[in-house]
4 protein chains.
Amino acid sequence: MNTVTQPLPDIIADGAAEAAVDAPRRARSVHDVAQVVHALVQGFASTAALRDLQGGSPKAQRDELRRSGLLALTIPSELGGLGAAWQPTLGVVRQMARVDSSVAHLFAFHHLMLATLRLFGRPEQWRPWHEHTARLDWFWGNALNPLDRRTVCRRLGGHFEFSGKKSFCSGATDSEMLIASAFAEDDDRLVVAALPSARSGITVLQDWDNIGQRQTDSGSVNFERVRIDEDEILRDPGPLTTPLACMRPLIAQLILVNIYIGIAEGAFEDAKHYTLRQAHPWQPGDGIEPDPYVLASFGEFFVGLEGVRVLGDRAGRMLDEALALGSALGTRDRGEVANAIAVAKVASTRTGLDICNRLFEVTGARSTHAGLGLDRHWRNLRTHTLHDPVQRKLKELGDWVLGERYPTPSFYS
Amino acid sequence: MNTVTQPLPDIIADGAAEAAVDAPRRARSVHDVAQVVHALVQGFASTAALRDLQGGSPKAQRDELRRSGLLALTIPSELGGLGAAWQPTLGVVRQMARVDSSVAHLFAFHHLMLATLRLFGRPEQWRPWHEHTARLDWFWGNALNPLDRRTVCRRLGGHFEFSGKKSFCSGATDSEMLIASAFAEDDDRLVVAALPSARSGITVLQDWDNIGQRQTDSGSVNFERVRIDEDEILRDPGPLTTPLACMRPLIAQLILVNIYIGIAEGAFEDAKHYTLRQAHPWQPGDGIEPDPYVLASFGEFFVGLEGVRVLGDRAGRMLDEALALGSALGTRDRGEVANAIAVAKVASTRTGLDICNRLFEVTGARSTHAGLGLDRHWRNLRTHTLHDPVQRKLKELGDWVLGERYPTPSFYS
Amino acid sequence: MNTVTQPLPDIIADGAAEAAVDAPRRARSVHDVAQVVHALVQGFASTAALRDLQGGSPKAQRDELRRSGLLALTIPSELGGLGAAWQPTLGVVRQMARVDSSVAHLFAFHHLMLATLRLFGRPEQWRPWHEHTARLDWFWGNALNPLDRRTVCRRLGGHFEFSGKKSFCSGATDSEMLIASAFAEDDDRLVVAALPSARSGITVLQDWDNIGQRQTDSGSVNFERVRIDEDEILRDPGPLTTPLACMRPLIAQLILVNIYIGIAEGAFEDAKHYTLRQAHPWQPGDGIEPDPYVLASFGEFFVGLEGVRVLGDRAGRMLDEALALGSALGTRDRGEVANAIAVAKVASTRTGLDICNRLFEVTGARSTHAGLGLDRHWRNLRTHTLHDPVQRKLKELGDWVLGERYPTPSFYS
Amino acid sequence: MNTVTQPLPDIIADGAAEAAVDAPRRARSVHDVAQVVHALVQGFASTAALRDLQGGSPKAQRDELRRSGLLALTIPSELGGLGAAWQPTLGVVRQMARVDSSVAHLFAFHHLMLATLRLFGRPEQWRPWHEHTARLDWFWGNALNPLDRRTVCRRLGGHFEFSGKKSFCSGATDSEMLIASAFAEDDDRLVVAALPSARSGITVLQDWDNIGQRQTDSGSVNFERVRIDEDEILRDPGPLTTPLACMRPLIAQLILVNIYIGIAEGAFEDAKHYTLRQAHPWQPGDGIEPDPYVLASFGEFFVGLEGVRVLGDRAGRMLDEALALGSALGTRDRGEVANAIAVAKVASTRTGLDICNRLFEVTGARSTHAGLGLDRHWRNLRTHTLHDPVQRKLKELGDWVLGERYPTPSFYS
């Protein structure tokens, strides 16, 4: 992962970029990213509450992402991409999650798939896939869920076949490419492959209907004797082999962290906006003494947000530094990043749920009107924070404290 | 309020009554109540998650309540009712709220309206209304919201006219009778009246669409020069006059408390059921060691529930004892009940929200499937606990601790 | 345990008894208890902060307890005692703990020793010991700690010898009688015996110097070939044999609960007193608007206290009802009491620590003056709540919720 | 404040410097600091628990600080000091606070006094004082407390006289110099002056005896017609005048934050050490399965600590950047630093109290032995976090969120 990456211009950080009249529709370099993201996010925001009610696939938003050029954000520039590092990419994810955590998830997991190709496969595999993705605006979907052992991989002479079902396949719908996993019939090892979503035998089911993250297309995929060629299998170095390959689940975890932070920020902004515009005609100097408990609650929300923001940012910087070590990355380097991400994950889970739950105590009874959709922040965060148990992270951190043992790499640690 | 009341048979308390084959469809005495409630609640439960999605008025459930005879639960037996005191009535409310907190609210507020007639009006007013209610299975709705000052009462010779709009009118839809309030045009005093819902000039709007308590019919009512006769006005003793009349808001608050407890109990039962049946094949002695964090979480939920149950029950007993004093009830008696209810309200708000939010941490990611509807507990409780700010109750209790000042009676204290 | 017991007069409950000029020095019937306790508690209060600094044995207070007649509080009246049940006795413990949780512990554990005689021994054993205790004002100490396995019991013909050390022996200092345990040399069974503290070979060490509960005399006892006669051994029914015998640890746990509640009440009262008298010249109507955050904190403390009080009282009533069943007591009866006590223990631990920790936030910086000794509440509670891990109780309650398994009886459950 | 400062070598940050045999006794440049601090801290640690019991002034430790050269840590190098910026200085404070939060406070407030001279006074005032301090190892004490209005300043021709008492004067005992404040007799303005502690009329009282921070010498100072010369008064720019002068209370607040963090770190380290060495023979691979609740608690402590460390560090960097602006510092610059410090203060208060309170739940009953002194962390933090109410900070942050109003500068904001 030692391809040159560069930070995005600072303007990303504060998200305050004004969308100029002549804002680019498509990012052709990192310098365009802030404006393109700003315009995209405004569009997502205008329909997010409605689309949360509808569920289903956010087809229009996915196509806007394709047109935006941002699907190439983490692709090296020599392969036609924008060459962004993870910390600025996660900044974009966070910005999207403020208004639409489903689309943010699809966007982030697309880039996780691109990283998976690099971390599990050979350069002659991932480089063409990255190049095609940048040129053709491919959207990658995830059919990797290693906890679902129903999909089997059988060797048939020079090729393989995947058969069986796979659940929690975020972004498989409307994708051009998939990363899928299966367990080998003979030795039960996990086989991970990249393949076109349109290949014969693949059926993407529209069976995702959950209380939150409703537009993440996280339903099931059915494989019926789907042919996989040898060079589509990511076996060198393969999944969770070297410390570098073991960075993949850390990227996934840090994506979750940034989506949690983004949801919490969105809830906070909505609460603030509602309080200022609808609950009270609050103006500096308007003579209305604000409720001291409302002030203190906003103070608490702010303290919580600032804490998780700095923890999330620190973990992002550490991730980029670790990836920059490439194959020199050691177990200890990986372990330090894992701890930093685990800390950020626990903190953002708790702080986020607190804000999403308590925001109504500052906005009051009328803010429960369904049209405002203020409950979707809690539903989205509550759903997404169950990805893997937060108690497991606490236990792992306790193991670190008492035994100086880093978390054992797995698809969740 | 010194009419003889009697406790319901103990069987109500544990809610474990088996619905016998020949269970009565209609309660004709307090001895029937347990079985009738049990059958009703089973019916409500089977459609509650679906009706939560649909919203609108639970017409079928309202009609079942009419046929059940339970709309006469708190009506004195000499007027054709079942003569139940409040504590057992609140037990029924809590049982209903476990499976359907919207219907529980409609049922409870119907009885609050009956109590309002007794506490604000003269015997020659409330006794016939109670008698008709018992005989004709009238359902009473609420258009009293005193915070909404848009409805005006104008005197026109020997009668009055109400004109204007009123929000948060729980149960007005599909009601036979309403209790409504307006502010007098001349002296701005609050006028409270009882009148048929079908009277000319009344329009009940279907404008309730909120994130929780979706079937409480809590929309707006429009009054267009609605005629009110002198004997329909509850002015002797009138609203919030004597300590006894000031018990009305306490009944309302304790209804809320029992709905909160019921919602929390329902969430707890659902979490337990899901964990035992779907998450794990949990059987004593099955050799699967349960997750220690899941066990401790259930332990915490149980500690919380037991605490709010005993606080709620204590407040219910104190309420009945205070009401039994009738006009001898003093400010201090009223204040003690107010404190007990405020304590139960704060505790049930916090414990309930904690359980409804954290239940997912024991049930896991798959329990976010929309078909299970496990989020409705949080949405219902979150919505209902905003009725009036819990921080206000804490402040009132602090005033009590430091100044031995009882809460100043209002429609919320 | 079916000897007739009677509740104490109500006056105990509110602790507001005024010490009349001619208040009895010694309780000769339950009717005297309130006044005697009131006078004792006032005396303890006046020196509690100082004695906390000094540590050591509260010899003067132990002698006052002897003279008060209260060491016979739970002894049946036909044996010369006051015949009080446990719930009112625990009320006395709670009152004492408000001002001096060390002396409260010594007093309560004395009565636990008396109950131990009844629950583990034969009537012809415990009745004379109770009678002597009532007549001679014996104080019983505890050398039972079954987790300390260093003391061995060897059979020597017709008698036995205890040899070894025993830690955490509350109240052994300055006691007339001890209950001690040892592990049998041959079959490793726990042997429990009652014996005079002055018996040859017993050395009570003054080695208790802890951060809290500093005057509980909870140091070590050394046994050097201490002779124990056959009829001093409590083996019929013996420790933790029948469900009734298994009530002993529940009494111990409920004593802890009431001490925790008493400490929390004392901390609350001190905070209130300081706020009213020293922090602010707080008078109703004095025109000083109280700090809204201070009010809300006091409101929260009050909500917490009310919750643990009702849970503690409920458990006390259930304990007395269960003991009244005598040998008819079944496993299920015992289990219900165990659950109620576990719930009260978790709640009082958490609520108490919260109050003792946060009280300073309402009293402010000046209240940290050492002379006020306001930190002793936290030190006492923090020490005492470590008796056995609260997490274990949560796990046991989780087992109950998911598996309907009652806690397995042990000396801690 | 635009004198050149430099960061300390990285070695400070991790505190892991080994004290070499030939470690310097006195820091003569920033390169010596890490080793000198390391040796000092080891010495402080060995007697901290005992000195906490004794109270009084830590004379020996103060003299070690004098000899260490660290009293010149923040003094510009051209004036004979070590020229350290605040962020590394606060790192030293945090290291000291891990083992002795009283001495850490004295050391930090000495440097706060030096900063006060620079921020409130003219270069021709503060430069000689700094130079003398560096050369003569002066220790500065604090008699500034502006909330105590008892000290009056009277003008007498060309000089002034201070008369009256001043409380909470940290470090006045055994100091060479004092910064003191008084209210002008004529116009009630706050007058701040620097003067020798030995001047006639000054009596430093030994009346500090509190539950925590027992060796901070924070007692009262009595002024009896103490002569103050014109050039000893810091009136140009004077207290809280320019945005730069208003940085003084922010430095004070950030010192508190770092002491809170240090105390929490010390408590955490003690808990870890005790758990590993005394509670359990914990070794990786020793076959003892650790308690899952203990692991999760340590995980929670670690998450909390990491959060407050990053918030504290961020605030420190912002402080140094702001001070580097010198007189160009604007209200907005100052406000941003104030917010960052307020966030860190709320978070470190809460996280620290949680760790200091709950550490016993992982170490267990035996860890309450007085000789271990594990309660001193809670007593120190509980005392110090009352310096000014944390609720005020929450309210100020709420004002910022809703009204974009920065905290109004005061001696506490």
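**Exercise 1. Which side chains meet in a salt bridge at 2.8 Å, N to O, with E306(A) as one partner?**

Solution. The model is predicted.
- Step 1. Take E306(A) and look for its partner. The side chain of R314(D) meets the side chain of E306(A) in a salt bridge, at 2.8 Å from N to O.
- Step 2. Set this pair in its interface. The rule finds 4 salt bridges across the interface of chain A and chain D.
- Step 3. Turn to polar contacts. Between chain A and chain D, 4 residue pairs are in polar contact, both residues at pLDDT 80 or more.
- Step 4. Find the elements on the chain A side. Those that give two or more residues to the side touching chain D are α7 (247-279), α8 (292-324), α9 (331-363) and α11 (390-403) of chain A. The largest share comes from α8(A), with 13 residues.
- Step 5. Sort by class. The side of chain A that touches chain D has 20 nonpolar, 6 polar and 9 charged residues.

**Exercise 2. Give the extent of the contact between chain A and chain D, and the area buried there.**

Solution.
- Step 1. Count residues. Chain A gives 35 residues and chain D gives 35 residues.
- Step 2. Read the area. About 3100 Å² is buried between chain A and chain D.
- Step 3. Split it by atom. Carbon and sulfur atoms give 73% of that area.

**Exercise 3. Place E306(B) and find what it touches in chain C.**

Solution.
- Step 1. Locate the residue. E306(B) sits in helix α8 (residues 292-324) of chain B.
- Step 2. Check the exposure. The relative accessible area of E306(B) is 12%, and the cut-off for buried is under 20%, so E306(B) is buried.
- Step 3. List the partners. Leaving out residues up to four places away in sequence, E306(B) touches L311(C), R314(C) and V343(C).
- Step 4. Pick out the polar contact. The side chains of E306(B) and R314(C) are joined at 2.8 Å.

**Exercise 4. Is N357(A) buried or exposed, and what does N357(A) touch?**

Solution.
- Step 1. Locate the residue. N357(A) belongs to helix α9 of chain A.
- Step 2. Apply the value. N357(A) has a relative accessible area of 9%, so it is buried.
- Step 3. List the contacts. Beyond residues up to four places away in sequence, N357(A) touches W378(A), L353(B), W378(B) and R382(B).

**Exercise 5. Why do the buried residues of α3(C) line one face of the helix?**

Solution.
- Step 1. Name them. In α3 (residues 59-68) of chain C, the buried residues are Q61(C), R62(C), L65(C), R66(C) and S68(C).
- Step 2. Look down the axis. The buried residues of α3(C) fall within an arc of 165°, so they line one face.
- Step 3. Recall the geometry. An α-helix has 3.6 residues a turn, so residues three or four places apart point the same way.
- Step 4. Find the packing partners. These buried residues pack against α2 (30-54), α4 (86-99) and α5 (101-120) of chain C.
- Step 5. Step past the helix end. Just after α3(C), G69(C) has a positive phi of about 80°.

**Exercise 6. Locate the backbone exceptions at P237(C), D188(C) and R225(D).**

Solution.
- Step 1. Set the baseline. Most residues other than glycine have a negative phi, and most peptide bonds are trans.
- Step 2. Take the peptide bond. From D236(C) to P237(C) it is cis, with omega near 10°. P237(C) lies in the loop between β7 (221-229) and α7 (247-279) of chain C.
- Step 3. Take D188(C). Its phi is positive, about 65°. D188(C) is in the loop between β4 (177-184) and β5 (190-196) of chain C, and is partly exposed at 43% relative accessible area.
- Step 4. Take R225(D). Its phi is positive, near 45°. R225(D) lies in strand β7 (residues 221-229) of chain D, and is exposed at 58% relative accessible area.

Technical notes: Residues are numbered from 1 along each chain as its sequence is written. Chains are lettered from A and ligands numbered from 1 in the order in which they are written. This is a predicted model: local features need pLDDT of at least 70, side-chain atom pairs count only at pLDDT 80 or more; totals for chains, interfaces and linings use all residues. Side-chain values use heavy atoms; hydrogens and water are left out. Contact means heavy atoms within 4.5 Å. Buried area is the accessible area (1.4 Å probe) that two parts lose on being put together, summed over both. A polar contact is a pair of N or O atoms within 3.5 Å; within protein, one must be able to donate a hydrogen and the other to accept it, and residues adjacent in sequence count only if both atoms are side-chain atoms. Helices (H or I, at least four residues) and strands (E, at least two) are DSSP runs, numbered from the N terminus. Ala, Val, Leu, Ile, Met, Phe, Trp, Tyr, Cys and Pro count as nonpolar, Asp, Glu, Lys and Arg as charged, and the others, Gly among them, as polar. Buried means under 20% relative accessible area, exposed over 50%, partly exposed in between (1.4 Å probe, protein chains only). The arc is that of the directions from the helix axis to the C-beta atoms.
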